[in-house]
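Reader: I am new to protein structures, and I keep meeting labels without knowing how they are earned. Could we go through some of them together?

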Amino acid sequence: MSTWKRDFASGLIVLAPLLVLLLVLRWIYRYIESIPLIADLQPTVIPGPLEPVSRVIIAFAVFATVVLAVGYFMRTTLGRLAEAAVDDAINRIPALRVVYNASKLAIETAISGTDELQSPVYLETWPGIRMTAFRTGKKTRDGKIVLFMPTAPNITTGFVIEVEPEKIEETGETVEEGMTRVLSAGFAESAHQVPVEEEESAGDGTGTPDGYGHVRTDGTPGGGDGAATDGSSSGE
């Protein structure tokens, strides 16, 4: 790959995620400030140019208040009974229960995560080939480790696998480093990887078929035309 292509790819890797993040934040901002209920709670003394910003602040304040109120309610016996009733009602719906349970488990894992979730591992799937997987913090009844092996570059899909503990090799990486490698389809470099240098072409004038840079692979000078002429003249 030429220098300008490599620089362009590096710049694209840096800017593309930032642009996507800005687009998502812009969509969230526009959605929140357009909620009708938030407009009703907005004071009339707010100047017109500051109304969108004030709506977002009010929306976050209302959301935080509702979350704290529900959390306090869940500490009571009545709250736990209400949660059990909601779970039982949603689990009776075949399609909805999958989304509900998966999202609930994901939020619980993200909030109360353990150290095991912060350690990607290597797993030899075929002889001589290893892949990156992530601990889930779960074990089976027979002692096997439950791992999630995401696909690249779409990490929302993958495989849930159960393996013996001795078949897992620690990577020494953080979750961010492991996820970056998967998301970038292996093109991103990390502190634990050695970048692969491209070989020089044999026909670009910097080397010969017998070696690189006019030096043979056995350590002797390369066999260019000049070397052959010198050898023939010395033989005479």
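Author: What follows is a set of questions about labels in this structure, which is a predicted model.

Reader: Let me start with burial. Why is Arg181 called buried or exposed?

Author: Good place to begin. Buried means a relative accessible area under 20%. Arg181 has 10%, so it is buried.

Reader: And its partner, Glu173: what makes it buried or exposed?

Author: The cut-off is again under 20%. Glu173 comes to 6%, and therefore Glu173 counts as buried too.

Reader: How do you know that Arg181 and Glu173 form a salt bridge?

Author: A salt bridge needs a side-chain nitrogen of Lys or Arg within 4 Å of a carboxyl oxygen of Asp or Glu. Here the N to O distance between Arg181 and Glu173 is 2.7 Å, so the pair meets the rule.

Reader: How many salt bridges does that rule give?

Author: The count is four. Another of them joins Arg92 and Asp88, with 3.2 Å from N to O.

Reader: Why is Arg92 called exposed, and what is Asp88 called?

Author: Exposed means over 50%, and partly exposed lies between 20% and 50%. Arg92 has 64% relative accessibility, so it is exposed. Asp88 has 41%, so it is partly exposed.

Reader: What makes Glu170 and Arg135 a salt bridge?

Author: Their side chains meet at 2.5 Å, N to O. This pair links distant parts of the chain, for Glu170 is in strand S5 and Arg135 in strand S2, 35 residues apart. Glu170 has a relative accessible area of 45%, so it is partly exposed, while Arg135, at 17%, is under the 20% limit and therefore buried.

Reader: Now the strands. How do you know that S1 and S2 pair?

Author: Pairing takes at least two bridges between the strands. Strand S1 (residues 120-126) and strand S2 (residues 129-139) are joined by six bridges and run antiparallel, so they qualify. Within this pairing, Pro120 stands opposite Phe134 in S2. The hairpin of S1 and S2 has two residues between the strands, and Gly128 takes a positive phi near 85 degrees there.

Reader: What makes S1 and S5 a pair?

Author: S1 and strand S5 (residues 168-170) share three bridges in the antiparallel sense. At least two are needed, so this is a pair as well. Leu123 stands opposite Ile168 in S5.

Reader: How do you know that the charge of Arg130 sits over the ring of Tyr122?

Author: One part of the test asks that CZ of Arg be within 6 Å of the ring centre, and another that it be within 35 degrees of the ring normal. The charged end of Arg130 is 3.7 Å from the centre of the Tyr122 ring and sits over that ring.

Reader: How many aromatic pairs are found in the whole structure?

Author: The search finds zero aromatic pairs.

Reader: What makes Leu25 exposed, partly exposed or buried?

Author: Leu25, in helix H1 (residues 3-33), has a relative accessible area of 47%, so it is partly exposed. Leu25 also belongs to a nonpolar patch on the surface, whose residues include Val24, Trp27 and Ile28. Together the residues of this patch have about 1200 Å² of accessible area.

Reader: Last one: why is Ile145 called buried or exposed?

Author: Ile145 has 8%, so Ile145 is buried. You will find Ile145 in strand S3 (residues 145-150). Ile145 and Pro165 are 20 residues apart in sequence and 6.1 Å apart in space, C-alpha to C-alpha.

Methods
Residues numbered from 1 in each chain as written. Predicted model: local features only at pLDDT ≥ 70, side-chain atom pairs only at ≥ 80, totals over all residues. Heavy atoms only, no water. Patch = residues over 30% accessible without salt bridge, like charges linked within 9 Å, V, L, I, M, F, W, Y side chains within 5 Å. Areas by Shrake-Rupley, 256 points an atom, 1.4 Å probe, with all protein chains shown as cover. Helix = DSSP H or I, 4+ residues; strand = E, 2+ residues; numbered from the N terminus. Buried < 20%, exposed > 50% of the residue type's maximum accessible area, 1.4 Å probe, protein only. Phe/Tyr/Trp six-rings, centres within 6.5 Å; stacked < 30°, edge-to-face > 60°.
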